[in-house]
Amino acid sequence: VDSDGSGVLDEAEFTSTSYVCDGFGGEDAVIDGSVVVTSQLEAALLSAFTEVTGDLTIEASGTNLELPWLQSVGGDLIFDDSGATTVSLPMLSSVGALYVWDEANMTDFTAPMLAGGVDEIEFVNVTSLTALDLSGVTSVANGNLLFDNLTVLATLDVSAIATVSGD
């Protein structure tokens with residue numbers, strides 16, 4: 001309380017300290033469980049996290065979705081008519097499955113660090129997609145590797161995929 005009315009809190013005017021959160025973002029910013037993003041604000045808040053332990057479903061994200069710190073999604077990563085035009089996941093290295101469905105505005109999708117095996121990858125009805133970079137993926141372990149109705153795709157990098165064990 002500013003008891004002397006100076007407009008500045010002096011050391012003697014501090015009576016207690018209360019924290020409303022334990023920080024935001026950083027090296028170990030983990031969301032436990034599944035998340036459904038339904039607004040551009042939620043997408044922006046997600047950009048500070050490194051891990052989602054469950055599924056991550058993007059239903060609305062605005063135009064550019066950049067998740068610069070996201071390294072791991074314990075479940076599936078799902079884009080379903082989110083409105084995103086560009087998706088940048090530069091640090092994503094682990095995901096259960098990757099589903100991108102009915103994204104009429106999406107032009108670019110990059111996840112170059114997504115490494116090792118992914119259970120399933122589907123890009124369906126992403127009709128404006130011109131560039132797709134999944135250059136780190138080495139295998140599709142348990143399901144589909146499906147690219148359907150990507151009518152203007154000019155650049156596709158899945159060059160590291162050596163095995164597909166599924167459909």
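**Parallel strand pairing and the nonpolar core**

The bridge partner of Ser139 in strand S18 is Thr163, and this bridge belongs to the pairing of S15 with S18 (residues 163-164), which runs in the parallel sense over 2 bridges. Strands here are DSSP runs of E with at least two residues, helices are DSSP runs of H or I with at least four, and both are numbered from the N terminus; two strands are taken to pair if DSSP finds at least two bridges between them. The model is a predicted one, in which local features need pLDDT of at least 70 and side-chain atom pairs count only at pLDDT 80 or more, whereas totals for chains, interfaces and linings use all residues. Residues are numbered from 1 along each chain as its sequence is written, and side-chain values use heavy atoms, with hydrogens and water left out.

Strand S15 (residues 137-140) also pairs with strand S12 (residues 116-118), again in the parallel sense, over 3 bridges. Within this pairing, Val118 has Val140 of S15 as its bridge partner.

Two open sheets were examined further. In one, 4 strands follow the order S1-S3-S6-S9 with parallel pairing, and its edge strands, each pairing on one side only, are S1 (30-31) and S9 (94-95). Between S1 and strand S3 (residues 51-52) there are 2 bridges in the parallel sense, and Val30 has Glu51 as its bridge partner in S3.

In the other open sheet, 6 strands are arranged in the order S2-S4-S7-S10-S13-S16, and the pairing is likewise parallel. Strand S2 (35-37) and strand S16 (145-148) stand at the edges with a single partner strand each, so that one side of each is left without a neighbour in the sheet. From one strand to the next the twist averages 10 degrees, where axes are lines fitted to C-alpha atoms (for helices, over the stretch in contact) and angles run from 0 to 180 degrees between N-to-C directions. At the S2 edge, 3 bridges join S2 to S4 in parallel, and Val35 has Leu56 of S4 as its bridge partner.

Thr57 lies in S4 (residues 56-58) and is buried, its relative accessible area being 13%; buried denotes under 20% relative accessible area, exposed over 50% and partly exposed the range in between, for a 1.4 Å probe and protein chains only. With neighbours within four places in sequence left aside, Thr57 is in contact (heavy atoms within 4.5 Å) with Val35, Val36, Val37 and Ile78.

Towards the S16 edge, S10 and S13 run parallel and are joined by 5 bridges, with Ala97 opposite Glu120 in S13. The pairing of S13 with S16 is also parallel and comprises 4 bridges, and Phe123 stands opposite Phe147 in S16. Because 5 of the 5 residues of S13 are buried, this strand is largely enclosed by the rest of the structure. In a regular strand the side chains alternate between the two faces of the sheet. In S13, Glu120, Glu122 and Val124 point one way and Ile121 and Phe123 the other way, and all are buried.

A nonpolar core is defined as a set of buried Ala, Val, Leu, Ile, Met, Phe, Trp, Tyr and Cys residues joined through side-chain atoms within 4.5 Å. The largest such core has 38 residues, and those with the most contacts inside it are Leu56, Phe79, Met106, Phe109, Phe123 and Leu134. At least two residues of this core are supplied by each of S2, helix H1 (40-46), S4, strand S7 (77-80), strand S10 (97-101), strand S13 (120-124) and S15. Beyond its neighbours within four places in sequence, Met106 is in contact with Phe79, Ala84, Thr85, Val87, Val100, Val126, Ser128 and Leu129.

A search of the whole structure finds 4 aromatic pairs. The ring centres of Phe79 and Phe109 are 5.6 Å apart and the planes stand at 85 degrees, so this pair is edge-to-face. Phe79 in S7 and Phe109 in strand S11 (residues 108-110) are 30 residues apart, and the pair thereby links distant parts of the chain. Rings of Phe, Tyr and Trp (its six-membered ring) are paired if their centres lie within 6.5 Å, with planes under 30 degrees apart counted as stacked, over 60 as edge-to-face and the rest as tilted. Phe79 is buried at 1% relative accessibility, as is Phe109 at 0%. Ring pairs link Phe79, Phe109, Phe123 and Phe147 into a cluster.
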